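Okay, thanks for coming, everyone. I'll put the model up, and then we'll walk through a few helix pairs, the cores and some odd backbone spots.

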Amino acid sequence: MKRKLTVLASALLAAAASVLFFTGPAYAATGLHIVGRNIVEANGSTFVMRGVNHAHTWYTNRTGSFADIKAAGANTVRVVLSGGRWTANTAADVTNVIALCKQNKLICVLENHDTTGYGEDGAAYTLDQAANYWIGLKSVLVGQEDYVVVNIGNEPIGNTDPGQWTAATVAAIKKMRTNGFEHLLMVDAPNWGQDWTYVMRDNGQTILDADSRKNTVLSIHMYAVFNTASSIVNYLNTFESKGWPLVIGEFGWQFASGEVDDATILSEAVKRNLGYLGWSWSGNTDPVLDMTTNFDATQLTTWGQRIVNGPNGLKATAKQATIFGGTPTSPPPGPTDSPTPTPTPSPTTPPPPTGACSATYAVTGQWGGGFQADVKVTAGTSAIKGWTVSWTYGNGQTVSQAWNATVTSSGTAVTARHVSYNGNLAAGGSTQFGFLGSWNGTNSVPTLTCTAS
């Protein structure tokens, strides 16, 4: 991204003034794939990207960064590659990159940076050329579908004729599939990735329909165009309402007034169960977007601290892919897209009596002043039509937002009730809901009461 910072900055200033679920035919799952709005592993477990970008093509000797990125809490790394606009990354180099990702238990998003700003930057390659680059690497990519996502081209169209993006992207997807690629494909928006003319927003279905494998995720890059909470929320709302799979493939931080609102991006991504990949680990020509100083993981910058240790950052929210031994998770049972890590109930929890229900509470993430918890509700030996879970906090905790349940509080007392799609449970069946909360001093687990109807 930063190799075209100057061009992008001027383009964004000019741009500022203008500022159902998707379901398709069932296909056999090969590695990472799309189900509805979610990225799902081959075993059916939902995977939410939480990671950073690494400028590998300009710093091929910085292979230790993969381990450092993992240690920072990431479950994904987006790796910058080039087919010739910069020093080309060969099949041998890409093989090594994939091995480093796997060694460090990171899902590997490989992106071709050659396409950045096509139509506005005369040095940029076309998406067709990017597809040819991937075809040339096919021998080292086939068989890696569990571990590798192919991001066809980075920010493939600038601000000159962004409408050309739709046809070029459709053609690139079809070319990849015709040449036998089964991987999850990622496609970036035009306008240097920021889609301020809304070409991707308005043509997303055309892109998804072009994929014969129904295995494409759209990617938005959020910088100065997305400098207010409303601009971020409104954009994400459109994709959510249309049921389109989306990740935030790049974003920076609000280092000055008018820059990207990173706090809202992070909180909205967590709220909606969207993947995010911050730019970038180190090596920017403008170091304000470096997360580390000179690739030194012990020297996190302000931006690094925000994305690594912040309340919605990597350490608080990233879940390792199950292909590397992470805990399996399932998509939400209804239209609410929010974080849903699956807690493991204590094996000593007694089964609920006939016609009743039980509930188990687990803190799945905790940071200074905040936490995330999940509650699993299980029916007894008879089916139930609804449930209510209640508890009383003993240490001043409060609930700030919830998903998959209607949660109300009165002082220290909290009540959670089923929503329209998860009240009916078969005998022994279960569902779960989750929430974000605050705490101070102690965050003990409360005793739950479950009432069935």
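Before anything else, one term: when I say contact, or that one residue touches another, I mean heavy atoms within 4.5 Å. Now the housekeeping. This is a predicted model, so local features need pLDDT of at least 70, side-chain atom pairs count only at pLDDT 80 or more, and totals for chains, interfaces and linings use all residues. Residues are numbered from 1 along each chain as its sequence is written, and side-chain values use heavy atoms, with hydrogens and water left out.

Let's begin with Asn-312. You'll find Asn-312 in the loop between helix H10 (302–309) and helix H11 (314–317); helices (H or I, at least four residues) and strands (E, at least two) are DSSP runs, numbered from the N terminus. Is Asn-312 buried or exposed? Its relative accessibility is 14%, so Asn-312 counts as buried. The cut-offs there: buried is under 20% relative accessible area, exposed is over 50%, and partly exposed is in between, with a 1.4 Å probe and protein chains only. What does Asn-312 touch, not counting residues up to four places away in sequence? Leu-266, Ser-267, Val-270, Tyr-276 and Thr-317. Also, Asn-312 and Ile-265 are 47 residues apart in sequence, yet 9.4 Å apart in space, C-alpha to C-alpha.

Arg-50 shares some of that neighbourhood: its contacts, again not counting residues up to four places away in sequence, include Val-270, Tyr-276 and Thr-317. Others on the Arg-50 list are Ala-74, Asn-75, Leu-277 and Leu-314, among them. Arg-50 sits in strand E3 (residues 50–54) and is buried, with a relative accessible area of 3%. Gly-73 is 23 residues away along the chain from Arg-50, and their C-alpha atoms are separated by 8.4 Å.

Okay, helix packing. The axes of helix H4 (residues 127–136) and helix H6 (residues 165–178) come within 9 Å and cross at roughly 15°. That makes H4 roughly parallel to H6. For the record, axes are lines fitted to C-alpha atoms, for helices over the stretch in contact, and angles run from 0 to 180 degrees between N-to-C directions. Under 35 degrees counts as roughly parallel, over 145 as roughly antiparallel, 65 to 115 as roughly perpendicular, and the rest as oblique. The H4 and H6 crossing is right-handed, so with the near helix turned clockwise from the far one by less than a right angle; anticlockwise would be left-handed. Who makes the contact? On the H4 side, the residues include Leu-127, Ala-131 and Trp-134, and on the H6 side they include Ala-168, Ala-172 and Met-176. The contact residues divide into seven nonpolar, two polar and two charged. Here Ala, Val, Leu, Ile, Met, Phe, Trp, Tyr, Cys and Pro are nonpolar, Asp, Glu, Lys and Arg are charged, and the others, Gly among them, are polar.

H6 has another partner, H7 (residues 199–210): their axes come within 10 Å and cross at roughly 25°. That makes H6 roughly parallel to H7, and this crossing is right-handed too. Residues of H6 including Trp-165, Val-170 and Ile-173 meet residues of H7 including Val-199, Asn-203 and Ile-207. The split for H6 with H7 is seven nonpolar, four polar and one charged.

On to the cores. A nonpolar core is a set of buried Ala, Val, Leu, Ile, Met, Phe, Trp, Tyr and Cys residues joined through side-chain atoms within 4.5 Å. The largest has 92 residues, and Leu-110, Trp-134, Leu-141, Ile-152 and Met-222 touch the most other members. Leaving aside neighbours within four places in sequence, Ile-152 is in contact with residues including Leu-127, Trp-134, Ala-172, Ile-173 and Met-176. There's also a second, separate core of 23 residues, including Ala-359, Phe-371, Val-377 and Leu-425.

Last up, the backbone oddities. Glu-155 isn't a glycine, but its phi is positive, about 35°. Glu-155 lies in the loop between strand E6 (148–151) and H6, and at 0% relative accessibility it counts as buried. Lys-214 also has a positive phi, near 50°; Lys-214 is in the loop between H7 and strand E8 (216–222) and is buried at 17% relative accessible area. Finally, a cis peptide bond joins Trp-279 and Ser-280, with omega about -15°.
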